[in-house]
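Here's a quick tour for anyone opening this entry for the first time. Take a look at the model, then read on.

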Amino acid sequence: MKILLSNDDGYNAPGLCAVRKALQQFATVVTVAPEINRSGASNSLTLDQPLRLHDRGGQVYSVNGTPTDCVHLALTGLLDYEPDIVVSGINAGANMGDDVLYSGTVAAAMEGRFLGLPAIAVSSCSFGLEHVQSAVRAIELLFTRMTDFPDKTDTILNVNVPNLPWQAIKGFQTTRLGRRHKAEPVVNATDPRGHPIYWVGPPGEEQDAGEGTDFYAIHQGYISVTPIHTDLTRYQALTETSDWLSKINE
Ligand code: MN
């Protein structure tokens with residue numbers, strides 16, 4: 001198996017280094033990841049400047065771009081073969097509910113969604129990565145059965161691992177994405193020249209976090225695995241929208 005590894009925290013982030021070692025048991029691993037921390041980059045591509053690649057040795061490359069740039073570049077020109085799977089992470093911090101809209105970790109995985117095996121985004125639910133080895137163990141277990149995964153059509157598995165020692169984790173649970181309340185307000189400040197500046201504030205509190213959601217699984221001590229895809233069509237609204245448009249067409 002050939003694995004393409006990326007992330008959004010940067011090519012030398014501790015979470016990525018920890019999982020790279022583990023994945024090398026299963027396959028050839030090539031890493032293409034951002035030069036610096038690009039958390040929150042979502043699915044953005046850099047179109048206004050060239051991308052530059054640095055060979056960091058040991059099959060590790062850094063790119064002066066976003067997580068999506070990295071995987072896109074790897075799959076469309078850098079590698080002379082097609083990897084079997086993209087793994088993104090291990091991110092420092094959870095990516096649950098609405099977080100996936102902003103997440104560069106999920107975006108990097110998403111860019112590798114059509115490879116045949118499900119792309120995997122892995123996050124540890126702590127910015128400090130105290131229990132990163134639990135997330136490493138989770139990925140190792142997933143990889144022991146990866147080629148059995150039934151749905152080969154553009155699936156991304158969004159995996160969140162509780163910030164707990166491995167012995168305290170209860171197992172894997174299939175979940176749906178929960179939802180957060182509206183984000184906290186921006187943080188206002190003033191720059192040294194007296195101009196107003198703003199820091200994007202923290203994400204909102206959990207709103208839809210009941211049984212079945214990723215938030216709930218994590219609170220109960222389970223590893224949350226949410227299968228996601230990129231089709232944003234709101235199928236429930238197709239008929240209503242069509243009825244509404246037909247009146248405009250009259
Ligand atoms: Mn990140």
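Let's start with Ser39, which is partly exposed because its relative accessible area of 41% falls between the 20% and 50% cut-offs. Keep in mind that this is a predicted model.

Ser39 has a job at the metal site too: with its OG atom, Ser39 is one of the protein donors of the manganese ion. The others are Asp8 (OD), Asp9 (OD) and Asn91 (OD1), and the donors lie 2.1 to 2.2 Å from the ion. Along the sequence, the donor residues follow the spacing D-D-x29-S-x51-N. Asp9 sits in the loop between strand E1 (2-6) and H1, while Ser39 sits in the loop between E2 and strand E3 (53-57), so this pair ties together parts that are 30 residues apart in sequence. Unlike Ser39, which is partly exposed, Asp9 is buried, with a relative accessible area of 14%.

Now for the rings. The structure holds one aromatic pair. It is made by Phe26 and Phe143, whose ring centres are 5.5 Å apart; their planes meet at 40°, so the pair counts as tilted. This pair also links distant parts of the chain, 117 residues apart: Phe26 is in the loop between helix H1 (14-23) and strand E2 (28-34), and Phe143 is in helix H5 (residues 132-144).

Here is how the residues with accessibility values line up:

| Residue | Relative accessibility | Class |
|---|---|---|
| Asp9 | 14% | buried |
| Phe26 | 27% | partly exposed |
| Ser39 | 41% | partly exposed |
| Phe143 | 5% | buried |

Key:
Residues numbered from 1 in each chain as written. Predicted model: local features only at pLDDT ≥ 70, side-chain atom pairs only at ≥ 80, totals over all residues. Heavy atoms only, no water. Phe/Tyr/Trp six-rings, centres within 6.5 Å; stacked < 30°, edge-to-face > 60°. Helix = DSSP H or I, 4+ residues; strand = E, 2+ residues; numbered from the N terminus. Buried < 20%, exposed > 50% of the residue type's maximum accessible area, 1.4 Å probe, protein only. Donors = N, O, S within 2.8 Å, 3.2 Å for Na, K, Ca; no water.
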